[in-house]
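Hi everyone, thanks for coming along. I'd like to walk you through one structure today, so please have a look at it on the screen before I start.

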Amino acid sequence: MKALWIRVDAHKVDSPEVCELADALDIDVVLALGYVVTLGGAVAEHTDDGNIADVPDTTIERWARWKGKRGAFAPALRHGLQNAEGEYDNWHEAMGQLVERRAKDRARKDGKPRGNSTEVPRKPRGSSTESARDSAATERDVTERNGSASSSHQESSTRRSGDLDQERASAPPRSFASFAELPPDVIAFGARFYRRATARRRRDVAEQLLALANGDGVEYKGQRILAGSVDRLVTACRAIRRVDADNAAIAYLLVKLGDTTDVTAEQVEHDRTTRQREELDTAAELAHADAWLADDPARDADINAQLDALGFSADPGDVFAQVTRNVARTGVLLAAWRAAQHPELAHAS
């Protein structure tokens, strides 16, 4: 039996999908690529169209020869390398020749004339993606149909981008010089999901959050993601409470910001008003909590111990660690003050 083959891009190891998988699993990017390629070989052997939507997670991990924690690999893999139709790693685009060859083999076995047919198997879930044809006439037809669909999608995206640009123009310009200057909720997002990440990954996340807050945007899967406003970024950061794979929260945030259906005048105003009110309330409470803590050195030490136990580093040479620890400390302090039923200060008039 002739061995199957799969196509691997020469720079696949540097692709965002492989890098995100490596970050999510906390493994070297070269090892992540090995899992991706190994799984690709199994997908070629066990499927005709590269669709893995109905393949159980345990099977995915067995096909990839995953040796780590059970149940960790498949969700991380699906997040970045499985599209909405269940297709693995742009299968029809990368593996068109394999798909076409199998279609010809099936046609021959079914007794159908071979000719120049390049029929490909129908993809499940209503997908319309097709492999490029060898004949010039068919290629033109595919180009025209794809162009029409692309035009429709681009028009829709342009309308949403226009709304986003208009909202950005109406908001006062903000310029944050460093990660430490970002709103507490944005810093808390980084602290919640990346305090145990590598220093390099934390720097990367901090830079992306800073770019989003300053309106520069972040490139993600061929699309430039814009937050639109600081208020919208804060709202999105708050909305992400948990993720399916460790260290993949920034991808969830970018996907959420990429969906601009929430960019309406009413929502923008609501986000802005809510944030301003909460910032004022928090500042007032924090002033009381700080003074309360100053009267109780033992509680101050207890809060620092809690932060150490939660993994918030006190390394003075790590800016990310220091900033996220300070934000976390504020949260722990306010929680303690509120739990004590908002004690009045002994020296308050």
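**Salt bridges, a helix, aromatic rings and a cavity**

Let me begin with Asp296, which is partly exposed because its relative accessibility is 24%. Before I go on, please keep in mind that this is a predicted model. Asp296 makes a salt bridge with Arg299, and their closest N and O atoms are 3.3 Å apart. Arg299 has a relative accessibility of 32%, so Arg299 also counts as partly exposed.

How many salt bridges does the count come to? The count is nine. Another of these joins Glu219 and Arg224, with 3.1 Å between the closest N and O atoms. Here Glu219 is exposed, at 51% relative accessibility. The cut-off for that word is over 50%, so Glu219 passes it with its 51%. Arg224, on the other hand, is partly exposed, with a relative accessible area of 44%.

Now for a pair that reaches across the chain. The side chains of Asp23 and Arg201 meet in a salt bridge, 3.1 Å from N to O. Asp23 sits in helix α1 and Arg201 in helix α9, and the two are 178 residues apart, so this pair links distant parts of the chain. Is Arg201 buried or exposed? Arg201 is buried, with a relative accessible area of just 10%, while its partner Asp23 is partly exposed at 23%. There is also a third member here: Asp23, Arg201 and Asp204 are linked in a network of salt bridges.

Since we have landed on α9, let's stay there for a moment. Helix α9 covers residues 199–213, which makes 15 residues. From its first C-alpha to its last, α9 reaches 21 Å, close to the 21 Å expected at 1.5 Å a residue. Quite a list of its residues is buried, including Arg202, Val205, Ala206, Leu209 and Leu212. A handy thing to remember when you look at any helix: an α-helix has 3.6 residues a turn, so residues three or four places apart point the same way. Just after α9, you can find Gly215, which takes a positive phi of about 80°.

Next, the aromatic rings. A search of the whole structure finds five aromatic pairs. One of them is Tyr35 with Trp66, an edge-to-face pair with 5.2 Å centre to centre and 65° between the planes. Tyr35 lies in helix α2 and Trp66 in the loop between α3 and α4, so the pair ties together parts that are 31 residues apart in sequence. Both rings belong to buried residues: Tyr35 has a relative accessible area of 11%, and Trp66 has 14%. Add Phe73, and you have one aromatic cluster of Tyr35, Trp66 and Phe73.

Last stop: empty space inside the model. Rolling a probe the size of a water molecule over the atoms shows where empty space is left. The count comes to one cavity of 30 Å³ or more, and the largest cavity has a volume of about 70 Å³. Which residues lie nearest its centre? They are Glu20, Leu21, Ala76, His79 and Gly80, out of eleven residues in the lining. The elements that give two or more residues to this lining are α1 and α4, and α4 gives the most, with five. By type, the lining divides into seven nonpolar, two polar and two charged residues.

Thanks for listening, and I'm happy to take questions.

Definitions and conventions: Residues are numbered from 1 along each chain as its sequence is written. Side-chain values use heavy atoms; hydrogens and water are left out. On a 1 Å grid over the protein atoms alone, a cavity is a set of points where a 1.4 Å probe fits but cannot get out, and a pocket is an open set with protein on both sides within 12 Å along at least five of seven lines; lining residues have an atom within 4 Å of a point. Grid points are joined across faces, edges and corners, and a volume is the space filled by probe spheres set on the points. Helices (H or I, at least four residues) and strands (E, at least two) are DSSP runs, numbered from the N terminus. Ala, Val, Leu, Ile, Met, Phe, Trp, Tyr, Cys and Pro count as nonpolar, Asp, Glu, Lys and Arg as charged, and the others, Gly among them, as polar. The expected span of a helix is 1.5 Å times one less than its number of residues. Buried means under 20% relative accessible area, exposed over 50%, partly exposed in between (1.4 Å probe, protein chains only). A salt bridge is a side-chain nitrogen of Lys or Arg within 4 Å of a carboxyl oxygen of Asp or Glu. Rings of Phe, Tyr and Trp (its six-membered ring) pair if their centres lie within 6.5 Å; planes under 30 degrees apart count as stacked, over 60 as edge-to-face and the rest as tilted.
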